[in-house]
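Welcome! Open your viewer, keep the selection box handy, and we will walk through this fold one stop at a time.

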Amino acid sequence: MTLTPETYHSPQARAQWVSSSDIKRARRCEAQWYSSVCGKYIQDEEKPAFVYGHLFEAAVCGASMDTISAAFPEVFSTRGPRKGEVKAEYLGALQLSEAVRRSPFLSALIDRCQKQVIFTGTIEGLPVRMMADLLDEDGSIYDIKSARSFAPAWDNDREEYREWWSVYDYPIQLWVYREIARQNGLTVPRVGLIAGDKQNHDVQALTFGRETMAAAGADTRYTMRRMDAILSGDAPQECGRCEWCLSQKIITEFTEV
């Protein structure tokens, strides 16, 4: 199939290629990822948090209200005195995009970049698709994210607090983008995030250095080898904490404490 921004998230595309989201999901819980591959676990991509993020991205990239209305009709009220206006729970996404655009440096970068550029390639034998939010003139790639908070977040696996971008595996996502873009002839001198904090509308512009990307590359390749092995018949491991694992939990005895 031909990948476009409209078909990128389709079931057909998900069946043909893995994405960085799949890799990050498999890294957190192999069982949850594999259950989604088998159609047993479907994440609701229409949750307000997902819509908020896509709305923020569209607004940052300069989409008009008409374009936003066509792409995200659920964002607008359909009844009452505020009919046709943006719902209160989504107003923050537009305000957060204004905070990003307040920076002449970021606005100039965003305006000169190509938007939603799609590439495909192969990593560890698996076909991979990627869609870069921003592709700069020199081949640099930037992702646009709305973060719940820039405060350090708790990592269940490591049982420690880590930087927000590390907990959500954004270096892995950007490593995948860089690798696939390089397979398509780009040099990609820099990868990074343009991010907004939903709580206080703070803005960060981060790039990932050599050591961070080397660690992300090692984690990605290990995870993708496990994904390939699971698709070939190995049993996926359960994390025991995610929504999928808890939905499968059955108590068979008491645990003495």
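Before the first stop, one cut-off: a disulfide here is a pair of cysteine sulfur atoms within 2.5 Å. Keep in mind as well that you are looking at a predicted model.

**Stop 1: the cysteines.** By that cut-off, the structure holds zero disulfides. Select Cys29 and Cys245: the sulfur of Cys245 is the nearest cysteine sulfur to that of Cys29, 3.6 Å away, and Cys29 is in no disulfide. Is Cys29 buried or exposed? With 3% relative accessibility, Cys29 counts as buried. Now add Cys239, whose closest cysteine sulfur is in Cys29; at 3.6 Å, that is too far for a bond.

**Stop 2: the sheet.** Show the strands as a cartoon. You should find five of them forming an open sheet in the order β1-β2-β3-β6-β7, with mixed pairing. Colour β1 (114-123) and β7, which stand at the edges; each has a single partner strand, so one side of each lacks a neighbour in the sheet. From one strand to the next, the twist averages 35°. Next, zoom in on β3 and β6, which pair in the parallel sense over seven bridges. To see a bridge there, pick Lys145 and its partner in β6, Ala195.

**Stop 3: a helix on the sheet.** Select residues 170-183, helix α9. This helix packs on the sheet and touches β1, β2 (126-135), β3 and β6, and its direction makes about 80° with that of β1.

**Stop 4: the nonpolar cores.** In soluble globular proteins, nonpolar side chains tend to be buried together. Which residues of the largest nonpolar core touch the most other members? Select Met130, Ile141, Met224 and Met227, out of 36 residues in that core. Among the elements giving two or more residues are α2 (20-28) and α10 (210-231), while α9 gives the most, with eight. Stay on Met227: beyond its neighbours within four places in sequence, Met227 is in contact with Val18, Asp22, Ile23, Ala26, Trp33 and Leu126. Then move to a second, separate core of 25 residues, which includes Ala59, Leu94, Leu106 and Tyr142.

**Stop 5: helix α6.** Finish with residues 88-101. The 14 residues of α6 should span 20 Å at 1.5 Å a residue, and the end C-alpha atoms are 21 Å apart, which agrees. Highlight its buried residues: Tyr90, Gly92, Ala93, Leu94, Leu96, Ser97, Ala99 and Val100. To see what covers them, show elements including α4 (48-60), α5 (65-71), α7 (104-112) and β3 (141-147).

Key. Residues are numbered from 1 along each chain as its sequence is written. This is a predicted model: local features need pLDDT of at least 70, side-chain atom pairs count only at pLDDT 80 or more; totals for chains, interfaces and linings use all residues. Side-chain values use heavy atoms; hydrogens and water are left out. Buried means under 20% relative accessible area, exposed over 50%, partly exposed in between (1.4 Å probe, protein chains only). Helices (H or I, at least four residues) and strands (E, at least two) are DSSP runs, numbered from the N terminus. The expected span of a helix is 1.5 Å times one less than its number of residues. Contact means heavy atoms within 4.5 Å. Two strands pair if DSSP finds at least two bridges between them. Axes are lines fitted to C-alpha atoms, for helices over the stretch in contact, and angles run from 0 to 180 degrees between N-to-C directions. A nonpolar core is a set of buried Ala, Val, Leu, Ile, Met, Phe, Trp, Tyr and Cys residues joined through side-chain atoms within 4.5 Å.
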